[in-house]
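Me: I'd like a close look at one part of this structure: the pocket side of things. Please take it slowly, and then show me what the rest of the chain is doing.

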Amino acid sequence: DAALRGRTRLELAQLHQRLGATMVFVTHDQIEAMTLATRIVVMKGGAIEQVATPAELYRRPATRFVASFIGTPGMGFVPVQRAPDDRGRAAVTVPGGQWLTTRVAAEGLPSQGLVLGVRPENLRVAEQGPLRGRVELVEFLGERTLAHLKLEGDSPLIVTVPPGMSPRLGSYVAVSVDVAEAHLFDESGRAHHAQ
């Protein structure tokens with residue numbers, strides 16, 4: 001039950017503060033891990049993907065797996081093609097043919113097999129934007145509203161809907177991208193972050 005889990009999580013956090021002892025907590029629930037831990041070990045198939053603070057895992061995931069696992073909802077991924085770089089920063093072409101310049105350093109970045117990764121709070125339904133998708137579902141969550149889109153090429157993407165806007169199901173919307181919070185992932189799944 002969600003309420004009991006929330007109360008138990010609070011009690012464990014308070015117990016940890018009172019005792020000041022090192023505790024090991026094993027969970028498959030990323031919300032529990034993010035709220036209780038000072039350091040998290042994210043594992044996949046018995047191998048360590050990343051060891052970091054909750055904030056670092058969220059803001060600078062080492063791999064695509066960590067980026068998709070941490071956060072509710074997880075990071076969205078869009079296959080992209082390299083475009084001519086702009087002042088040392090990697091530029092990419094997104095589905096639909098528009099391009100955007102990221103804040104990821106172009107040097108050392110592979111020329112093929114890249115995926116753009118952006119969290120829903122860094123994507124916004126807007127008047128204009130490099131991405132365009134069809135609205136499949138709109139979720140009103142109280143403090144925020146999310147739109148589930150299907151981009152050209154069938155990539156799913158979850159984006160934030162600004163207050164007062166209500167996109168219709170089946171309509172097409174433009175999406176702006178906060179490039180300061182955009183990541184690129186190579187074919188191996190390794191992350192390349194904004195500088």
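Reply: Let's get the word straight before we use it: a pocket here is an open set of grid points where a 1.4 Å probe fits, with protein on both sides within 12 Å along at least five of seven lines. Keep in mind, too, that this is a predicted model.

With that settled, the largest pocket has a volume of about 720 Å³. It is lined by 24 residues, and Phe25, Val26, Thr27, Ala33 and Ile40 are the ones closest to its centre. Which elements give at least two residues each to the lining? They are the helices α1 (2–19), α2 (30–36) and α4 (64–69), along with the strand β1 (40–44). Sort the lining by class and you get 15 nonpolar, six polar and three charged residues.

Let's stay with α4 for a moment, since it leads us to the rings. The model has two aromatic pairs. In one of them, Phe65 and Phe69 are stacked, with 5.9 Å from centre to centre and 10° between the planes. Both sit in helix α4, four residues apart, which puts about one helical turn between them. Are these two buried or exposed? Neither, really: Phe65 has 25% relative accessibility and counts as partly exposed, and Phe69, at 32%, is partly exposed as well.

The other pair is Phe77 with Phe185, and this one is edge-to-face, with 5.6 Å between centres and 75° between planes. Phe77 belongs to strand β3 (residues 76–86) and Phe185 to strand β12, so the pair ties together parts that lie 108 residues apart in sequence. Phe77 counts as buried at 14% relative accessibility, and Phe185 is buried at 0%.

Those two strands take us to a sheet. Strands in a sheet pair through backbone hydrogen bonds. Here six strands make an open sheet, in the order β5-β4-β3-β6-β12-β13, with antiparallel pairing. At its edges stand β5 (99–105) and β13 (191–192); each has a single partner strand, so one side of each has no neighbour in the sheet. Further in, β6 (residues 114–118) and β12 (residues 183–185) run antiparallel and are joined by three bridges. Leu116 faces Leu184 of β12 there.

Follow the chain on from β6 and you reach Asn122, in the loop before β7 (123–126). You might expect a loop residue to stick out, but Asn122 has 16% relative accessibility and counts as buried, as the cut-off is under 20%. Leaving aside residues up to four places away in sequence, Asn122 touches Ser176, Val177, Asp178 and Glu181.

Last stop: strands β8, β9 and β10. β8 (residues 131–140) pairs with β9 in the antiparallel sense over seven bridges, and Gly133 has Leu151 of β9 as its bridge partner. The two strands form a hairpin with four residues between them, where Gly142 in the turn has a positive phi of about 90°. On to the next strand: β9 and β10 (residues 156–161) run antiparallel and share six bridges, with Leu146 standing opposite Thr160. They also form a hairpin with four residues in between, and Gly153 in that turn has a positive phi of about 85°. As for β9 itself (residues 145–151), six of its seven residues are buried, so the rest of the structure largely encloses this strand.

Methods
Residues numbered from 1 in each chain as written. Predicted model: local features only at pLDDT ≥ 70, side-chain atom pairs only at ≥ 80, totals over all residues. Heavy atoms only, no water. Buried < 20%, exposed > 50% of the residue type's maximum accessible area, 1.4 Å probe, protein only. Pairing = 2+ DSSP bridges. Contact = heavy atoms within 4.5 Å. 1 Å grid on protein atoms, 1.4 Å probe; cavity = no way out; pocket = protein on both sides within 12 Å on 5 of 7 lines; lining within 4 Å. Points joined across faces, edges and corners; volume = space filled by probe spheres on them. Nonpolar A, V, L, I, M, F, W, Y, C, P; charged D, E, K, R; others polar. Phe/Tyr/Trp six-rings, centres within 6.5 Å; stacked < 30°, edge-to-face > 60°.
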